[in-house]
Amino acid sequence: MKAHPKVVSYLQRAVSHEFGATQQYVVHAAAAKALGLPAMSQQLHEEAVGEMEHAMEFLDRMNALGIPVANTGKDFPVGRTLKDILVYAMQTEDAAVRLYEEAQLFCGRINDEDNRVLFARILEDEKKHYADLQQQLKSL
Ligand SMILES: [Fe+2]
Ligand SMILES: [Fe+2]
């Protein structure tokens with residue numbers, strides 16, 4: 001099935017988002033280590049891997065549909081304190097939630113069920129990431 005041009009664009013933006021989020025989590029994992037917070041560093045490292053896996057899922061879908069991949073990660077801000085790390089990561093997760101909600105709704109409107117399900121599934125992951133970060137920020 002050929003994807004709608006807007007779905008192509010959503011998939012390309014999704015990959016850029018996931019690469020950017022991966023990069024931000026890696027930089028944050030290193031920052032947390034430098035702050036003497038090894039458990040937080042490990043958690044952020046695992047988040048980075050999770051975002052990379054999201055990128056892979058979108059890339060697999062794009063390859064299946066013959067959609068070209070532009071290898072550009074979005075440039076997300078980097079925190080140097082634990083609070084800033086959590087706040088910036090939350091902003092990134094919020095951006096993912098908004099992007100995937102919009103993509104999911106659009107796919108639903110045009111009856112593109114395969115891509116709607118993909119965006120909806122990853123949307124749930126991002127919502128959970130956001131909620132976990134919010135919880136951690138509250139407990140500071
Ligand atoms: Fe993600
Ligand atoms: Fe996420």
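Helix axes are lines fitted to C-alpha atoms over the stretch in contact, and angles between N-to-C directions run from 0 to 180 degrees. In this predicted model, the axes of α2 and α4 come within 11 Å and cross at roughly 170°. Angles over 145 degrees count as roughly antiparallel, so α2 is roughly antiparallel to α4. The contact draws on E47, H54, E57 and R61 in α2. From α4 come L118, I122, D125 and H129. By class, two of the residues in this contact are nonpolar, two are polar and four are charged.

The largest nonpolar core holds 26 residues. Within this core, L11, V15 and F119 touch the most other members. Four elements each give two or more residues: α1 (5–34), α2 (38–65), α3 (82–109) and α4 (113–138). The largest contribution is that of α1, with eleven residues. In soluble globular proteins, nonpolar side chains tend to be buried together. Beyond four places in sequence, the contacts of L11 are F58, R61, M62 and I67. R61 thus appears twice, in contact with L11 and in the meeting of α2 with α4.

The length of α1 was compared with expectation. At 1.5 Å a residue, the 30 residues of α1 should span 44 Å. The end C-alpha atoms of α1 are 44 Å apart, which agrees. After α1 comes G36, with a positive phi near 80°.

A29 lies in helix α1. A29 has 22 other C-beta atoms within 10 Å, and the cut-off for burial is 20 or more. A29 is therefore buried. Leaving out residues up to four places away in sequence, A29 touches S41, L44, H45 and A48. A29 and M90 are 61 residues apart in sequence. In space, their C-alpha atoms are 15 Å apart.

A3 sits in the segment before α1. This residue has 21 C-beta neighbours inside 10 Å and so counts as buried. Its contacts, apart from neighbours within four places in sequence, are V8, L65, I67 and N115. I67 is also touched by L11. A3 and G66 are separated by 63 residues in sequence, but by 9.3 Å in space from C-alpha to C-alpha.

For α3, 28 residues at 1.5 Å a residue should span 40 Å. The end C-alpha atoms of α3 are 41 Å apart, in agreement with that value. The buried residues of α3 are I85, L86, A89, T92, E93, A96, Y100, A103, Q104 and C107. They pack against α1 and α4.

N111 follows just after α3, in the loop between α3 and α4. Its phi is positive, about 60°, although N111 is not a glycine. Is N111 buried or exposed? A residue counts as exposed with 12 or fewer other C-beta atoms within 10 Å. N111 has 7 C-beta neighbours inside that distance and is therefore exposed.

The 26 residues of α4 reach 37 Å from first C-alpha to last. This is close to the 38 Å expected at 1.5 Å a residue. Buried in α4 are N115, L118, F119, I122, E126, H129 and L133. These residues pack against α1, α2 and α3. Several recur elsewhere in the model. N115 is in contact with A3. L118, I122 and H129 belong to the contact with α2. F119 is among the core residues that touch the most other members.

How values were computed. Residues are numbered from 1 along each chain as its sequence is written. Chains are lettered from A and ligands numbered from 1 in the order in which they are written. This is a predicted model: local features need pLDDT of at least 70, side-chain atom pairs count only at pLDDT 80 or more; totals for chains, interfaces and linings use all residues. A nonpolar core is a set of buried Ala, Val, Leu, Ile, Met, Phe, Trp, Tyr and Cys residues joined through C-beta atoms within 7 Å. Two residues are in contact if their C-beta atoms, placed from the backbone, lie within 7 Å. Angles under 35 degrees count as roughly parallel, over 145 as roughly antiparallel, 65 to 115 as roughly perpendicular and the rest as oblique. Ala, Val, Leu, Ile, Met, Phe, Trp, Tyr, Cys and Pro count as nonpolar, Asp, Glu, Lys and Arg as charged, and the others, Gly among them, as polar. The expected span of a helix is 1.5 Å times one less than its number of residues.
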